[in-house]
Structure formats: C-alpha cells, structure tokens
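Let us take a walk through this structure together, one part at a time. Keep the sequence at hand as you read.

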Amino acid sequence: MEKILVATQKPFASEAIKKIKEITDREGYELSLLEKYSTAEELKTAVADAEALIVRSDKVTAEVIEAAKNLKIVVRAGAGYDNLDLDACSAKGIVAMNTPGQNSNAVAELAFGMMVYMARNKFNGTAGTELRGKTLGIHAYGNVGKYVAQIARGFGMEVFAFDPFVPAEKIKNDGITPVKTVEELYQTCQYVSLHIPANEQTKKSIKASLLELMPSGAVLVNTARKEVIDEESLALLMEKRTDFTYISDIAPDNKSLFEEKFSDRCFFTPKKMGAQTAEANINAGVAAANQIIKFFKTGDETYRVNK
Ligand code: 3PG
C-alpha cells in the first residue's frame with residue numbers, strides 16, 4: 001500500500017484531514033501525519049518510506065529529498081512553491097506540484113481584513129478612513145489578485161492591475177483597468193496589494209524607488225512573500241514618508257524595528273495566516289490528495305511545476 005505523508009508544521013484544520021483520510025481510505029492508500037514538527041530531522045525520518053508527500057510552507061530541501069528514498073511526488077497544498085527545492089526533485093525524478101487557486105479566496109479576504117483594520121486606526125476608537133472611492137493596484141493578476149479585485153469592486157474601490165503575463169483584454173473583461181508598467185500602477189494607486197511569487201526575478205524587487213511613486217496616504221499590502229520586499233529600503237522610505245503604511249501577513253525579518261519606529265503605520269499578523277481557514281485547508285488538502293492519486297493511477301501531471 002503506497003504511503004502518503006502529510007507533513008505540516010502549521011497543521012491543516014481537522015476537517016481537512018478528515019476529508020483527505022476519506023479519500024485515501026477509499027482509494028486504498030495509507031495516510032500518515034506529521035504535524036507541528038520542529039526539526040528537519042523529524043521530516044526526514046517521516047518521509048523516508050513515503051511514496052507521496054503533501055506539505056504547506058514546509059521546507060522540502062535537497063536533504064529532505066535525499067532522505068525520501070521512495071518518494072515519487074510532492075504536492076505543495078497551496079500556491080507558492082518557493083519552499084520546494086525543484087532541482088533536487090527533478091534530479092531524483094520526483095514530480096513536484098502545487099494546487100493553484102484552492103486557497104486564494106482566504107488570502108484575498110485577509111488582505112481586506114487587514115486593510116479595514118488599518119483604515120480604522122487599529123480599532124482604537126478614533127476617526128479612520130473608508131476604502132470606498134480609493135484606488136487599489138493589484139500587482140500580479142493571478143488567482144489571489146483576481147479575488148482581491150472582485151472584493152475591492154464590492155467595496156467601491158477603483159481597481160487597477162499590472163500583470164505582464166495576463167492579456168490586458170482579460171483584465172478589462174473583469175471590470176479592472178489594466179496598466180502597462182509597474183511604475184504606472186504604483187503612481188496611480190493609494191493602496192497596492194502584492195500577489196507576485198518569490199523567485200530570482202522578484203526577490204527584493206519591491207523597493208523604495210518604486211514605493212516612493214505612490215500617492216499620499218500610501219498603503220502597501222503584502223499577502224505574498226516577505227522575500228519580495230527590500231526591507232531595508234522600505235524602512236528608510238517609511239522614515240521619510242510619514243504617510244506610508246505597510247501591512248503584511250508575513251512579518252519582515254526586522255519586525256521589531258518596524259513596530260518600534262512605525263507602530264501606527266504597520267501591522268503584521270502574529271503568524272502567516274492568509275490560508276488559515278477551514279475552507280482553504282479543505283480545498284488545498286483535498287486537491288493535493290486527489291492530484292497524487294490521479295498521478296499514481298493515470299500518470300496525470302497537471303499542475304506539475306518542475307521539469
Ligand atoms: C500559499 O502560497 O498557498 C500561501 O502562502 C499559503 O501558505 P500556507 O499554506 O503555508 O499557509
């Protein structure tokens with residue numbers, strides 16, 4: 001019986017595990033769980049005899065792959081797969097996949113939860129501001145970006161998007177104004193919501209030279225990855241621009257510096273929690289299990305992300 005290991009430092013909601021187990025039981029696979037582990041050693045031991053692995057942001061390094069002697073497939077239950085060593089997977093002939101779109105709505109809703117919280121001065125009782133009528137720029141119009149745009153329209157915001165990989169016509173059809181350059185997006189929008197992946201092209205690409213283009217009362221919302229931000233230059237900019245707010249679901253490395261210096265102008269969730277809803281966990285976890293079973297049964301490689 002092939003073994004599917006679910007290894008999550010940040011566990012799925014119990015309803016999601018229940019549904020994954022129903023699938024693996026029905027299809028004749030063994031399900032094994034490693035939750036809230038704290039060392040790579042624990043993951044290496046648990047994965048040693050697994051044929052398939054489901055993870056969230058857990059780091060699947062070359063060492064983990066080396067220890068996984070029977071592994072055929074690893075699925076990142078979520079969108080961003082910057083935590084998987086794709087080269088190590090490819091070198092061992094292991095298929096790596098993600099589950100795009102499955103947790104996107106949860107992430108988009110959190111972006112708005114944080115935006116409202118900050119617009120209302122962290123609910124301290126003083127008069128805040130509204131989102132209605134404000135400009136919002138979506139930086140990368142993928143699965144999360146689309147949900148953010150949809151919700152923003154409900155709030156009555158004026159929505160713009162920049163994505164060189166999505167035809168302008170498609171963006172327009174959703175009632176969103178496409179812009180041609182990233183600079184134009186930041187120049188135009190008081191709020192910018194980031195949805196770019198973390199890769200060699202994007203790491204540290206969000207820096208002061210871009211952010212300083214934003215109009216007065218600028219708010220940067222990051223539910224993507226902290227690695228895309230040039231944190232040093234952002235901190236310098238926030239010293240100069242006392243109207244600039246930074247909101248993130250992924251706290252910067254220098255979180256205490258930001259909180260000390262800009263306490264009223266920054267907010268970070270205690271733990272990355274964009275995808276922390278029962279619905280998102282069920283969607284992503286079940287999709288991962290189904291993708292693995294389809295791969296074993298038919299060789300289907302839809303959603304493969306490595307070569
Ligand atoms: C993703 O890339 O899917 C999100 O960032 C969610 O990540 P998580 O599963 O680690 O919460």
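The paragraphs below go from one sheet to the ligand and then to another sheet. Please bear in mind that this is a predicted model.

A good place to begin is an open sheet built from 5 strands, which follow the order β2-β1-β3-β4-β5 with parallel pairing. The edges belong to β2 (30-35) and β5 (95-98); each has a single partner strand, so one side of each is left without a neighbour in the sheet. On average, and ignoring direction, neighbouring strands here are turned by 20 degrees against each other.

Now look at how two of these strands meet. Strand β1, residues 3-8, runs parallel to β2 and is joined to it by 6 bridges. If you would like a pair of residues to find there, Val-6 stands opposite Leu-33 in β2. Helix α1, residues 14-27, packs on this sheet and touches both β1 and β2, with its direction at about 155 degrees to that of β2. Helix α2 (residues 40-47) lies across β1, β2 and β3 (52-55), and it runs at about 170 degrees to β1.

Next comes the ligand. Which residues surround the ligand? They are Lys-10, Arg-56, Ser-57, Arg-76, Gly-78, Ala-79, Gly-80, Asn-103, Arg-225, Lys-272 and Ala-275. Sorted by class, this shell holds 5 charged, 4 polar and 2 nonpolar residues.

Some of these neighbours can be followed down to single atoms. In the side chain of Ser-57, an N or O atom is 2.3 Å from an oxygen atom of the ligand. Ala-79 takes part through its backbone, where an N or O atom lies 2.6 Å from a ligand oxygen. For Asn-103 it is again a side-chain N or O atom, 2.9 Å from an oxygen atom of the ligand. How much of the ligand does the protein bury? Taken alone, the ligand exposes 320 Å², and the protein buries 95% of that.

Our last stop is another open sheet, this one of 7 strands in the order β8-β7-β6-β9-β10-β11-β12, with parallel pairing. At its edges are β8 (177-178) and β12 (266-268), each of which pairs on one side only. Within the sheet, 4 bridges join β10 (residues 219-222) to β11 (residues 245-248), and the two run parallel. One pair to look for is Asn-222 with its bridge partner in β11, Ser-248. Helix α6, residues 143-155, packs on this sheet, touching β6 (135-139), β7 (158-162) and β9 (191-194). The direction of α6 makes about 170 degrees with that of β6.

Technical notes
Residues are numbered from 1 along each chain as its sequence is written. This is a predicted model: local features need pLDDT of at least 70, side-chain atom pairs count only at pLDDT 80 or more; totals for chains, interfaces and linings use all residues. Side-chain values use heavy atoms; hydrogens and water are left out. Two strands pair if DSSP finds at least two bridges between them. Axes are lines fitted to C-alpha atoms, for helices over the stretch in contact, and angles run from 0 to 180 degrees between N-to-C directions. Contact means heavy atoms within 4.5 Å. A residue is near a molecule or strand if one of its heavy atoms lies within 4 Å of it. A polar contact is a pair of N or O atoms within 3.5 Å; within protein, one must be able to donate a hydrogen and the other to accept it, and residues adjacent in sequence count only if both atoms are side-chain atoms. Accessible areas come from the Shrake-Rupley method with a 1.4 Å probe; for residues, only the protein chains shown count as cover. Ala, Val, Leu, Ile, Met, Phe, Trp, Tyr, Cys and Pro count as nonpolar, Asp, Glu, Lys and Arg as charged, and the others, Gly among them, as polar.
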